Amino acid sequence: MTVTMTSLTPIKIGEKAPDFTLKDQVGNAVSLSSFLGKQNVVLVFYPLSFTSVCAVQMPGYSKERQRFEDHDAQVLGISVDSSAVHKAFAESVGVEFPLLADFYPHGAVAMAYGVFREEGFAERSTFVIDKRGIVRYAELHEFGRVPDRAKTIEALSGLD
């Protein structure tokens, strides 16, 4: 059975974002709560490293790093791949922000955000979380297309 985007129930705008702590591509523990009061967070769930769309999508955030910094935002990528896979992927495609391993328990953070597919990976989706930990933007993206980063940056423009 194939899960469609409409069968997923992502967390909603205005809700408190579920906290998590995951390892990044170099083994550092990264917690969402560590950004509270400091930075907005752009949380980007992507299906799997080394797939055609992800290999274009994820480095695009690095290329526009200054635009995110202008809005006091930290981009965090999350997939079910391991930290070792994330490290190889980041080096291969030029990703310069944390890629977090939702590896074990498998997909737990994607489940908490309502974007885990029964095929075993996260739906391509983006959440903007403000400095208070509140979801201010949430979008599920068409699976086979690179998301429009301009929409994410526009969502950040209204935050302090």
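Leaving aside its neighbours within four places in sequence, which residues is Tyr113 in contact with?

1. Tyr113 is in contact (heavy atoms within 4.5 Å) with Thr9, Pro10, Ile11, Ala17, Pro18, Phe20, Leu32, Leu43, Phe45, Phe127 and Ile129, not counting those neighbours.

2. A word on the model: it is predicted, with local features needing pLDDT of at least 70 and side-chain atom pairs counting only at pLDDT 80 or more, while totals for chains, interfaces and linings use all residues. Residues are numbered from 1 along each chain as its sequence is written, and side-chain values use heavy atoms, leaving out hydrogens and water.

3. Tyr113 also features in the largest nonpolar core (buried Ala, Val, Leu, Ile, Met, Phe, Trp, Tyr and Cys residues joined through side-chain atoms within 4.5 Å; buried means under 20% relative accessible area, exposed over 50%, partly exposed in between, with a 1.4 Å probe and protein chains only). This core has 24 residues, and Phe20, Leu43, Phe45 and Tyr113 touch the most other members.

4. Now to salt bridges (a side-chain nitrogen of Lys or Arg within 4 Å of a carboxyl oxygen of Asp or Glu): the structure holds 11. One of them joins Arg136 and Asp130, with the closest N and O atoms 2.7 Å apart. Arg136 is partly exposed at 32% relative accessibility, whereas Asp130 is buried at 7%.

5. Arg65 and Glu69 form another salt bridge, at 2.9 Å from N to O. Arg65 is partly exposed at 43% relative accessible area, and Glu69 is partly exposed at 40%.

6. Glu139 meets Lys151 in a salt bridge of 3.2 Å, N to O. Lys151 is partly exposed, at 41%.
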